[in-house]
Amino acid sequence: MSVQATKWFYLILLSIIWGSSFILIKKALIGLSPYQLGALRILFTTFFLFSVGFGSLKKIKKKDWKWIAWSGYLGSFFPPFLFAIAQTRIDSAVASILNSLTPLNTFITGVLFYGVLVTKKQILGIILGLLGTVILIVSCSDINTSQNNWYSILIILASIGYALNVNMIKVHLEHLSAMSITAGTFLLIFFPALVILYTTGFFSTVASSSEMQIGLVYVVILSFFGTAMAKVVFNKLISISTPVFSSSVTYMMPLVAVLWGLLDGEKLDIYQLIGGVIIIVGVYLSNKKNRVNK
């Protein structure tokens with residue numbers, strides 16, 4: 001398979017996996033708290049990764065660990081908690097659409113921290129992306145009064161973390177294998193996640209709660225496919241493509257997530273759809289290649 005075909009294969013595969021993760025989070029939250037879900041997702045992912053990739057840690061040099069740590073906390077530690085907390089108050093479909101801001105934030109962080117050149121078309125894309133976000137958030141409360149618009153900010157913060165992570169891997173860790181990066185990041189975030197899970201009282205209540213046990217099944221599926229396997233594939237995608245192309249997986253994720261949401265009884269009105277389309281158009285424009293790369 002050519003490099004170009006491999007890039008698109010990884011992109012489509014990630015779209016399906018990550019697009020399905022929002023409904024899995026929603027189902028797991030029926031029996032688990034957001035902090036239990038976030039911590040368990042990290043712990044299970046670490047177990048899966050170390051069962052096949054523990055030996056790859058020896059390839060990480062001392063100078064790399066600083067960037068591994070930044071990458072781990074921004075891209076793998078905080079987002080699971082932010083998404084879980086946010087989805088206690090907003091629909092999974094809306095969360096997925098807001099997550100499509102990741103390529104836009106990847107470009108913005110590239111401009112701010114890595115000297116990526118900007119064009120007028122890309123500036124227009126940024127403005128459209130922000131406009132679509134405002135429309136989507138404001139319209140949420142009109143169709144579902146139980147939703148809290150402020151929780152949408154948590155999804156945006158998670159997307160910024162993902163964006164910084166993508167740029168860091170591409171600039172500072174490209175010489176490492178995808179498995180080395182992924183195993184290294186989860187080694188550093190495993191113990192903080194374990195402490196958080198312990199403080200929630202999970203270990204003293206899970207044996208007597210059938211809802212928590214069902215939630216655990218969803219977290220195992222989410223951790224293996226949505227985090228462990230997907231992280232390795234995503235880091236591999238970054239290594240053979242650009243940060244912007246890699247983060248463009250969020251173009252197709254909302255399609256999968258919205259379909260799952262509709263099947264689960266969620267509703268989207270015309271204004272939410274308009275906001276989502278404007279975000280995607282803005283992301284597309286902001287990711288148009290420059291004629292001159294710095």
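Which residues is Ile279 in contact with, once its neighbours within four places in sequence are left aside? Before I answer, please keep in mind that what we are looking at is a predicted model. In that model, Ile279 is in contact with Ile97, Ser100, Leu101, Gly129, Gly132, Thr133 and Leu136, again leaving aside residues within four places in sequence. Ile279 itself lies in helix H13, which covers residues 270–286, and it counts as buried because its relative accessibility is 0%, where buried means under 20%. If you would like a sense of distance, Ile279 and Ala193 are 86 residues apart in sequence, and their C-alpha atoms are 33 Å apart in space.

Let me turn now to Ser180, which has its place in helix H8, residues 178–199. Is Ser180 buried or exposed? With a relative accessible area of 0%, Ser180 is buried, and its side chain has polar partners: it reaches the backbone oxygen of Ser56 at 3.0 Å, and it makes a polar contact with the side chain of Ser177 at 2.8 Å. When neighbours within four places in sequence are set aside, the residues in contact with Ser180 are Ser56, Lys59 and Ile60, so that Ser56 appears both in this list and as the owner of the backbone oxygen I just mentioned.

Next comes the nonpolar core. The largest one has 72 residues, and those that touch the most other members are Leu14, Trp18, Leu37, Leu40, Ile42, Ile155 and Phe202. Taking Leu14 from that group, and not counting residues up to four places away in sequence, we find that it touches Gly19, Ala230, Val233, Phe234, Leu237, Val249 and Met253.

Helix H5, residues 102–114, also has buried residues, among them Thr102, Pro103, Leu104 and Phe107. The residue that follows H5 is Gly115, whose phi is positive, near 70°.

Finally, let us look at the surface, where Trp150, Ile153, Leu157 and Ile160 form a nonpolar patch with about 410 Å² of accessible area together. Ile160 is found in helix H7, residues 152–172, and, with a relative accessible area of 31%, it is partly exposed. Why might residues spaced along a helix face one way? An α-helix has 3.6 residues a turn, so residues three or four places apart point the same way.

To close, I would put two isoleucines side by side in your minds: Ile279, which is buried at 0% relative accessibility, and Ile160, which is partly exposed at 31%.

Terms used
Residues are numbered from 1 along each chain as its sequence is written. This is a predicted model: local features need pLDDT of at least 70, side-chain atom pairs count only at pLDDT 80 or more; totals for chains, interfaces and linings use all residues. Side-chain values use heavy atoms; hydrogens and water are left out. Patches are made of residues with over 30% relative accessible area and no salt bridge: like charges are joined within 9 Å, nonpolar side chains (Val, Leu, Ile, Met, Phe, Trp, Tyr) within 5 Å. Accessible areas come from the Shrake-Rupley method with a 1.4 Å probe; for residues, only the protein chains shown count as cover. A salt bridge is a side-chain nitrogen of Lys or Arg within 4 Å of a carboxyl oxygen of Asp or Glu. Helices (H or I, at least four residues) and strands (E, at least two) are DSSP runs, numbered from the N terminus. Buried means under 20% relative accessible area, exposed over 50%, partly exposed in between (1.4 Å probe, protein chains only). A nonpolar core is a set of buried Ala, Val, Leu, Ile, Met, Phe, Trp, Tyr and Cys residues joined through side-chain atoms within 4.5 Å. Contact means heavy atoms within 4.5 Å. A polar contact is a pair of N or O atoms within 3.5 Å; within protein, one must be able to donate a hydrogen and the other to accept it, and residues adjacent in sequence count only if both atoms are side-chain atoms.
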